[in-house]
Amino acid sequence: MSAGTVAAPGRVEQPTAPRRGPSLVGGRGGIWFVLPFMAVYAAFVLWPLLYGLGMSFFDTSLVRAESRFVGFDNYVRLFADAEVWRTLGITLLFTIGSTIPLVVIALVMALLVQTGARGQWFWRFVYFAPFLLPVATVVLIWQWLFSGDYGLLNAALTGIGLPEVGWLTDPAVGLWSVVLLTVWWTIGFNFLLYLAALQAIPAQLYEAAEIDGAGGWRRLFGITLPLLNRTTGLVVVLQVLASLKLFDQAYILFRANGGPGGSATPILQYIYDTGFTDYRLGYASAISYVFFVLIILIALVQARLSRRSEA
């Protein structure tokens, strides 16, 4: 019944015929709305992916006009390349070393803010503000903090009687300096995810548990953490994928030299050096695609484990 009309008593209102016109769902009109995005996606994502895959089967160099088809030789060669495995190991170690604190500390920060700490807006701003900074600014801040001459970290260590640490010069510490920088920089995103999930838990659950005599720890382990399982799975997946893409902060922090003794050289920097320093584009493409497949496999395993834990 249309607005402003009243059906007469005893009269059955006939259903209004659907308006005819182009549909954005079932018709062909919607294609014109997504066509610009599809064109940009094809030009800047699909085409480079296919072009790079094809390049991995050629001996292609930036300093030679011609290229030679070599089949799977680039793929066979990379499995015997010790530098590939060394940089891949550094990347995986960074992923493990950064993911654990980025999940645990973010959860603790969200719990502290959610449990009623005074000045919540201030803590939310403080925890999330570093995530808004560009990578160059973050690295510049931490270069000052890591400095051996006037760095705040070594000053704090010597102030409590501990020896100085070679944050940027010791091969045993170089990678962990990148981990520390990354945790400070990116933890705000995980903090927000956990805070949003905590605010979605009904307060009645806590009130009922409190009436039953459940203390704070029992409410935490019996209500809060089980209801955060989905969020934790999401945070872990996103964080692992982000950590596997380590490149810019390590590259800028150590001025493209891979850190002391090459101890902080991720595989993406090795790919970059192979393609744009050594000019071996075909070989760099082959390493890229093997690393791409590895990331896909890790994501699938994580998704499967998450579904199993939720079942």
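Does Arg 68 count as buried or exposed, and what is its relative accessibility? Arg 68 counts as exposed, because its relative accessibility is 52% and the cut-off for exposed is over 50%. Keep in mind as we go that this is a predicted model.

Let's stay with Arg 68 for a moment, since it has a partner. Arg 68 makes a salt bridge with Asp 59, and the closest N and O atoms of the two are 3.5 Å apart. Asp 59, at 29% relative accessibility, counts as partly exposed. Side chains of opposite charge can pair when their charged atoms come close. How many salt bridges does the structure hold? There are 3.

Another of these pairs sits within one helix. Glu 83 and Arg 86 meet through their side chains in a salt bridge, at 2.9 Å from N to O. Both residues belong to helix α3, where they are 3 residues apart, about one turn of the helix. Glu 83 has 27% relative accessibility and counts as partly exposed, and Arg 86 is also partly exposed, with a relative accessible area of 33%. Further along the chain, Arg 280 forms a salt bridge with Asp 278, with 3.8 Å between the closest N and O atoms. Here Arg 280 is partly exposed at a relative accessible area of 32%, and Asp 278 is partly exposed at 42%.

Now step back to the whole chain. The protein has 13 helices and 2 strands. It is made of 311 residues, 35% of which count as buried. If you take the contacts between residues at least 6 apart in sequence, 66% of them join residues at least 24 apart.

With that in view, we can turn to the interior. In soluble globular proteins, nonpolar side chains tend to be buried together. The largest nonpolar core in this model contains 44 residues, and the members that touch the most others are Val 178, Phe 191, Tyr 194 and Leu 253. Helices α3, α5 (135–146), α7 (174–199), α9 and α11 (248–253) each supply at least two residues of this core. Which of them gives the most? That is α7, with 12 residues. To see one core member at work, find Leu 253: leaving aside residues up to four places away in sequence, Leu 253 touches Val 139, Gln 143, Phe 146, Leu 168, Val 178 and Leu 181. A second, separate core holds 17 residues, including Leu 88, Leu 244, Ile 287 and Ile 295.

Leu 244 also leads us to a polar residue. Thr 95 is found in helix α3, and with residues up to four places away in sequence left out, Thr 95 touches Val 240, Ser 243 and Leu 244. Thr 95 counts as buried because its relative accessible area is 7%, and the cut-off for buried is under 20%.

Next come the open spaces. Rolling a probe the size of a water molecule over the atoms shows where empty space is left. The largest pocket holds about 480 Å³ of space. It is lined by 19 residues, and those closest to its centre are Ile 271, Ala 284, Ser 285, Ser 288 and Tyr 289. Two or more lining residues come from each of α1 (31–55), α12 (267–276) and α13 (281–310). The element that gives the most to this lining is α13, with 8 residues. By type, the lining of the largest pocket divides into 14 nonpolar, 4 polar and 1 charged.

The second largest pocket has a volume of about 350 Å³. What lies nearest its centre? Of the 14 residues that line the second largest pocket, the answer is Leu 111, Gln 114, Thr 115, Tyr 206 and Thr 224. The elements giving two or more residues to this lining are α3 (82–114), α8 (203–211) and α9 (216–227), and α9 gives the most, with 5 residues. The lining of the second largest pocket divides into 9 nonpolar, 4 polar and 1 charged.

One helix is worth following again on your screen. Helix α3 carries the salt-bridged pair Glu 83 and Arg 86, is home to the buried Thr 95, supplies at least two residues of the largest nonpolar core and gives two or more residues to the lining of the second largest pocket.

Definitions and conventions:
Residues numbered from 1 in each chain as written. Predicted model: local features only at pLDDT ≥ 70, side-chain atom pairs only at ≥ 80, totals over all residues. Heavy atoms only, no water. 1 Å grid on protein atoms, 1.4 Å probe; cavity = no way out; pocket = protein on both sides within 12 Å on 5 of 7 lines; lining within 4 Å. Points joined across faces, edges and corners; volume = space filled by probe spheres on them. Helix = DSSP H or I, 4+ residues; strand = E, 2+ residues; numbered from the N terminus. Nonpolar A, V, L, I, M, F, W, Y, C, P; charged D, E, K, R; others polar. Salt bridge = Lys/Arg side-chain N within 4 Å of Asp/Glu carboxyl O. Buried < 20%, exposed > 50% of the residue type's maximum accessible area, 1.4 Å probe, protein only. Core = buried A, V, L, I, M, F, W, Y, C linked by side-chain atoms within 4.5 Å. Contact = heavy atoms within 4.5 Å.
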